[in-house]
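Please examine the sequence and the structure shown here. The paragraphs below give a guided reading of its architecture.

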Amino acid sequence: MSEVKKDVTQEKNEEVDSILNELEALAKVVAPCLECTTCASACPVFQSDSQRNPRRLLNRLGRREFEGLLDEVDFWWCGACYSCEAHCPQGVPLAHVFFRLKNLAFHTGKPIPKLVLRTGETLRSGFLIPVKKEITEKRHALGLPDPVCPDTKEIETLLDATGFSGRIIQSRKLD
Amino acid sequence: MSRPESNIRIGVFLCGCGRNIAATVDIDKVAEKAKTLDDVVFVDTNKYSCSETGQASIRNAIRENKLNRVVVASCSPKLHLETFKATTVSAGVNPYLFEMANIREHCSWVHMHEPVQATEKAFELVEMAVAKARLLEPQTEPKVHITPKAMVIGGGVAGIQASLDMADAGYQVYLVEKSPTIGGIMAVLDKTFPTMDCSICILGPKMSDVKSHPNITLMAYSEVKEIKGYVGNFKAKILRKARYVTEDCTACDECTSVCPISVPNEVDGHLSWRKAIYMPFPQAVPSQFLIDTEHCHGVNPISCGKCRDVCREKGADCINYDDQDRVEEIEIGTIVVATGFKPFDAARIPEYGWGRYPNVLNTLEFERLFNASGPTEGHLVRPSDMEQPKRVAFIQCVGSRDQRFNAYCSNFCCLETIKSTLLIKEHWPETEITVFYIDIRAFGKGFEELYHRAREEGVRFIRGRPSQIQEEPETHNLRVFVEDQNENRFISPEFDMVVLSIGADAPDPDVVPIPLPRGADGFLLEAHPKLKPVDTASRGIFIAGGVESPKDIKESVTQASAASIRAAQLMAKGEVRIEPIFAEVDASRCTSCGTCTTRCPYGAITIQEKKVTPAVVNQALCEGCGTCAADCPEDCIRMRHFTDEQILEQVRAGLKNHPENKVLVFACTFCSYGGADLAGVSRMQYPTNGRVIRTMCAGRVDPDFVYEAFQLGAGAVALTGCHPQDCHFISGNRFAAKRETRIRRWLDKQGIDQERFTVEWISAGEGKKFQNMMTRMSEIAEKFAKSRKKVEKPVV
């Protein structure tokens, strides 16, 4: 019995180590950051909500303040528009860093904002943004065909295979 | 080749360099082991070998032990070779019987975490030096005459200062300037920081001094096309471009009123017009007009001829349509390169809209707008509507501290902006001024005080680098998108005018027609960053001003004065000793094949083809690269101080133990050896199995050296040198590169994997590249060493 317990703690430790290693690797990636603020001013999320600042996330990583970093929800708001990366004078791959943070948070069972979970739900319908009448009309005006709905079965399979569906159920239970 | 003498007494002196070496390398252990080497009769350690006490103890030891070969294991020979050569001479031993082992830059500093292996390597480096020392021969340094004349390239403030200093010291100076007037960037500025002096008012008198100085020959509108020769004896070809206006021109300005062609004035940042016949600005020196043939109707009386007509009407005849470009040849002893930096092109950052939005200006345009002799005679207006701006923003670090363009800080832009804000406040105090910055760097004398004044005057400093500027199409006002970092919020304030504080780009690679080493940033590299800041790797050539790094006026002037005293030192002596590293031909074995004559870029080695006599070396012309010796099919050319036998002995000593793990590197003294040194100075760590052999040029590396290394079982071999266009011996490394195919064919025949040999061009500024190469090659060596062990096992 005690042996099994030991194994579990060991596994836990290994997991913590691997997360720390990953965060340490990310800290190295963001090391060139001078905090010039260009990323923040280019970020559409920050432009409309000063609470969500990509620079401050980078800063926390760079200072190696890992405690509670994955519980942050800010990086989930990154829409991967790559504005920050395109503008960064130091060549820091910010969007890439936020993807890595999202993946880390996802795989370690950290809370995921409802907005993101809802996105997963919406994806089951085949579209990220529900197709409204206005959209169809605009497309017609531009001479574009009706949007083609992808195979929702396939999306479901993908979401199941990547463990996304499981995480949604898990998050609901946590709620 | 046999040993020159039988009674060889080698002394080895190990330096701890304080803790720089001793912290990693156990020098006592190295000393113990060094005692066991053949011919080594004396070994000693020093805390600082280069100190007076250190040198005295070496001197005494040489005398007391009757040493006739001296090896000092310490720092790079690029730092202290001359120091210890002098010590050796003072003890009565020929300086060419001295050899250095670099156990600091190539060992202790790059293996800081591996003391055991570093100690082992240090010993092997000593062993290699001892191996070469055994075969060293005494040499006499010939003296060469120095022409007491200097050429200064570039007529900005640095070039002007250098010319005046040397001319005042009594030397003849040729000042060559590419553009029609001297003055450079300083001549177009309005005020200078931190004293707010009027720029042209303090530079103007110096410019006229240049013109009137009896010792200065001013060659404006001229370019240096070719430089040949060596210290004290340079020959330069200067292209004097046709001005079409003679020196009799009194700058009466009548011609411009009749000239029908108007073109944007580059001096005013294209904010005003000038004519096709023009003088760049009123204070230009020489005060002489010129015709811009690119825009003139045709430089002949049939096409237009209005300027000549009016000039003749006024009773003068200064316009000469028959003027032609000509080439002048000058002989000089020393050269000062002061060609300056290039202002950064703000159009390369499209998000700031320079060139698209009329009210976005760069620093130089702003200076002209503020300048009394500028397009608006000093009235600050915005180009879109000629209205005085009420809200002005400055953006710092445009093109600087930016990995996409220039990673370095451009040094002068912070104070340039602070000065400009104060000037606006002085004239129009009600103007709202905002400065967006990453860091304000006000490090110089009087700089912080100026920054303080700007804050007192109410200039707003906002920490944040804007991501973009958007123009309001109606008003041409500008919206700046930025995070106010101190307030942690996004703001997008509106301005009437935005000034981009542009930094400095490195000079063009072909700015001088002679190879001079450059750093990774493109600026010319000094011979030593601390102790020889205005010397270059080429003796007799010095650097000053913005060509070395971005700098302000004061620093440029300081460097120019430093460069001129360095040049004057040489010229004052009248003669200089040169290193006797010459090629020698063994006439008895020479088959007169003529290969060597095609290798020599200096024409120093010749053959009389018809008579089929042996090749002859002209020592005055030989620079000592050794390319001829490496390619001689009969191996009958001997390079003094870098003989085949000496280098092969180094190879053998370096590969004595565990050759399969070793990476043998041939490095040229000017570039790749410097790159290796830089890796050391920057503490860039790499595996301990590298062994570097220094040659004058990559051209010296005979394929036989590489063959020998592989036959002895070397894990990997690297042939390194300058980047092809930077070769200090013009074409040495081109011929070295040509040997690669030959070497690779040989490797194939021997069944040696191609991966184990590499050719790399590494400049003295590319420490990182050297580190990467060493790491990669040592992985390769390790890979093959392992696989070889597997094969060998059954035999054991």
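The account that follows moves from the overall form of chain B to its sheets, its cores, the contact with chain A and some local backbone features.

The model is a predicted one. Chain B contains 20 helices and 39 strands. Its radius of gyration is 31 Å, close to the 28 Å that the globule rule gives for 796 residues, so chain B is as compact as a globular protein of that length. Along the principal axes, the C-alpha atoms of chain B fill a box of roughly 90 × 70 × 55 Å. Of the 796 residues in chain B, 50% count as buried. Among contacts in chain B with a separation of 6 or more, 73% are made by residues 24 or more positions apart.

The domain assignment divides chain B into domain 1 (1-139), domain 2 (143-241 + 325-341 + 511-577), domain 3 (245-323), domain 4 (345-505), domain 5 (583-639) and domain 6 (642-796). Between the C-alpha centres of domain 1 and domain 4 of chain B there is a distance of 56 Å.

One sheet of chain B is open and is built from five strands in the order β20-β28-β21-β22-β23, with parallel pairing. Strands β20 (360-362) and β23 (460-463) of chain B stand at its edges; each has a single partner strand, so one side of each is left without a neighbour in the sheet. From one strand to the next, the twist averages 25°. Helix α10 (residues 363-370) of chain B packs on this sheet and touches β20 and β28 (497-502) of chain B. The direction of α10(B) makes about 95° with that of β20(B). Towards the other edge, strand β22 (residues 432-437) of chain B is joined to β23(B) by four bridges, and the two run parallel. In this pairing, B:V435 stands opposite B:F461 of β23(B).

How far is helix α10(B) covered? Six of its eight residues are buried, and the helix is mostly covered. The buried residues are B:T363, B:E365, B:F366, B:E367, B:R368 and B:L369. They pack against β20, α11 (413-427) and β28 of chain B.

A second sheet may be read in the same manner. Four strands of chain B form this open sheet in the order β37-β36-β38-β39, and the pairing is again parallel. Its edges are held by β37 (690-695) and β39 (757-761) of chain B, each with a single partner strand, so one side of each is left without a neighbour in the sheet. The twist here averages 20° from one strand to the next. Strand β38 (residues 716-721) of chain B runs parallel to β39(B), to which five bridges join it, and B:T720 stands opposite B:E760 in β39(B). Helix α16 (residues 644-654) of chain B packs on the sheet, where it touches β36 (663-668) and β37 of chain B. The direction of α16(B) makes about 175° with that of β37(B).

The nonpolar interior can be considered next. The largest nonpolar core has 237 residues, and those with the most contacts inside it are B:V12, B:V71, B:A73, B:V126, B:A150, B:V336 and B:V498. Helix α5 (residues 115-134) of chain B supplies the largest share of this core, 10 residues. Beyond its neighbours within four places in sequence, B:V498 is in contact with B:N359, B:V360, B:A393, B:I395, B:I469, B:L478 and B:V480. A second, separate core of 24 residues includes A:C39, A:A42, A:L57 and A:C88.

The contact between the chains takes 16 residues from chain A and 17 residues from chain B. On the side of chain A that touches chain B, the elements giving two or more residues are α2 (38-42) and α3 (44-48) of chain A. Of these, α2(A) gives the most, with four residues.

Some local backbone features complete the description. A cis peptide bond joins B:F193 and B:P194, with omega about -5°; B:P194 lies in the loop between β8 (191-192) and β9 (197-198) of chain B. Another cis peptide bond joins B:V285 and B:P286, with omega about 0°, and B:P286 lies in the loop between β15 (277-278) and β16 (290-291) of chain B. A:E35, in the loop between α1 (2-29) and α2 of chain A, has phi near 60°, a positive value in a residue other than glycine. With 20 C-beta neighbours inside 10 Å, A:E35 counts as buried. Phi of B:D253 is likewise positive, near 80°, but B:D253 is partly exposed, with 13 other C-beta atoms within 10 Å.

Terms used
Residues numbered from 1 in each chain as written. Chains lettered and ligands numbered in written order. Predicted model: local features only at pLDDT ≥ 70, side-chain atom pairs only at ≥ 80, totals over all residues. Pairing = 2+ DSSP bridges. Axes fitted to C-alpha atoms, helices over the stretch in contact; angles between N-to-C directions. Contact = placed C-beta atoms within 7 Å. Core = buried A, V, L, I, M, F, W, Y, C linked by C-beta atoms within 7 Å. Buried ≥ 20, exposed ≤ 12 C-beta atoms within 10 Å, placed from the backbone. Rg over C-alpha atoms; globule rule 2.2 N^0.38 Å. Domains from an automatic or database assignment.
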